[in-house]
Amino acid sequence: MKLIPLGAAALTSALALAPAAQAEMTAAEREAFRAEVRAYLLENPEVLMEAFNALEARQQAEQVNADLARLEEHADAIFSDPASWVGGNPEGDITVVEFIDYRCGYCRKANAEVEELVKSDGNIRFVLKEYPILGEESVVASRFAIAVLQTAGAEAYKQAHDRLMSFRGDMTPEALGRLADEMKLDRAAILARMDADEVTAVIEANHQLAQTLEISGTPTFVIDRTMVRGYVPLDGMRQIVDGQRKG
């Protein structure tokens, strides 16, 4: 038995058929077959890289298709949830949704760049989803932000969001109460609202949505029909937005 040179696709097919083929071989033939495969791969390691690249490309395509199906199925919860803050251009032709945690270093890094993306583009509708996953302080911070939105409105929420993204120190109710004072907000009303069922419901809904969309980290972006898991520099975000516009 002699192996002929294989490309990545042919090698993948051959290896997939190997168990069935080996079942019809004698022990000696199976040993010879395995030795031939091993020798060929050692002599032609680039074939393995081709196979790995082909597999990765296929897996990425499957992920994109699965993401698209989930985005279409849950579009209302993603893009039109009345409990989420909406900024940018409300009539924009592209919607960018960001799942954030205030203690996430990459969320903080992305904050100014996303702000610049939305401002410089002028035609992006921007939605923020509170998704605290990095411990109790993250939950406290999100409760504060949601309480601000529910008691003081959208403009105050955005100010609180930006302040929390640059906040230094422990995110305790006491510290956030002082932040409310600095922002000239009703400290008592906001701290009382933080434990309200309406605030809890927003966080629980966002966690459920993230689980459904298979979002496990922050920041995660939904840019129209594309899921972007993780931080992407400003230029990369602009390229994704342009790609969505071109359809």
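## Report on a predicted single-chain model

Helix α10 (197-212) has 16 residues, and the distance from its first C-alpha to its last is 22 Å, close to the 22 Å expected at 1.5 Å a residue. The expected span is 1.5 Å times one less than the number of residues in the helix. The structure is a predicted model, in which local features need pLDDT of at least 70 and side-chain atom pairs count only at pLDDT 80 or more, while totals for chains, interfaces and linings use all residues. Residues are numbered from 1 along each chain as its sequence is written, and side-chain values use heavy atoms, with hydrogens and water left out.

### The chain as a whole

The secondary structure comes to 11 helices and five strands. Helices (H or I, at least four residues) and strands (E, at least two) are DSSP runs, numbered from the N terminus. Of the 247 residues of the chain, 40% count as buried. Here buried means under 20% relative accessible area, exposed means over 50%, and partly exposed lies in between (1.4 Å probe, protein chains only). Among the contacts in the chain with a separation of 6 or more, 75% are between residues 24 or more positions apart; a contact means heavy atoms within 4.5 Å.

### Helices α10 and α2

In α10, the buried residues are Val199, Val202, Ile203, Asn206, Leu209 and Ala210. They cover an arc of only 130° around the axis, which puts them on the same side of α10. The arc is that of the directions from the helix axis to the C-beta atoms. These buried residues pack against α4 (75-79), β2 (94-100), β3, α6 (136-152) and α9 (187-193). The face of α10 turned away from its buried side carries the exposed residues Asp197, Glu204 and Gln211.

Helix α2 (residues 27-43) can be described in the same terms. Its 17 residues reach 24 Å from the first C-alpha to the last, close to the 24 Å expected at 1.5 Å a residue. Phe33, Val37, Tyr40 and Leu41 of α2 are buried. Seen down the axis of α2, the buried residues fall within an arc of 95°, so they line one face of the helix. The face of α2 turned away from this buried side carries exposed residues, including Ala27, Glu31, Arg38 and Glu43.

### Packing of α5 and α7

Helix α5 (residues 105-121) packs with helix α7 (residues 154-165) at an angle of about 135°, and their axes are 9 Å apart. Axes are lines fitted to C-alpha atoms, for helices over the stretch in contact, and angles run from 0 to 180 degrees between N-to-C directions. The two helices, α5 and α7, are therefore oblique to each other. Angles under 35 degrees count as roughly parallel, over 145 as roughly antiparallel, 65 to 115 as roughly perpendicular and the rest as oblique. On the α5 side the contact is made by Cys107, Arg108, Asn111 and Glu115, and on the α7 side by Lys158, His161, Asp162, Leu164 and Met165.

### The sheet

Strands of a sheet pair through backbone hydrogen bonds, either parallel or antiparallel. In this model, five strands form an open sheet in the order β1-β3-β2-β4-β5, with mixed pairing. The edge strands are β1 and β5, each of which pairs on one side only. On average, neighbouring strands of this sheet are turned by 20° against each other, direction ignored. Two strands pair if DSSP finds at least two bridges between them.

At one edge, β1 (residues 85-88) and β3 (residues 124-130) pair in the antiparallel sense over four bridges. The bridge partner of glycine 87 in β3 is phenylalanine 126. Trp85 and Gly87 form the covered face of β1, whereas Val86 and Gly88 form the uncovered one. At the other end of the strand order, β4 and β5 pair in the antiparallel sense over four bridges, and phenylalanine 221 stands opposite valine 228 in β5.

### Backbone details around β4

The peptide bond from threonine 218 to proline 219 is cis, with omega near -5°. Proline 219 is found in the loop between α10 and β4 (220-223). Two residues other than glycine with positive phi are listed below.

| Residue | Phi | Loop | Relative accessibility |
|---|---|---|---|
| Glutamate 214 | near 60° | between α10 and β4 | 47%, partly exposed |
| Aspartate 224 | about 55° | between β4 and β5 (226-229) | 17%, buried |
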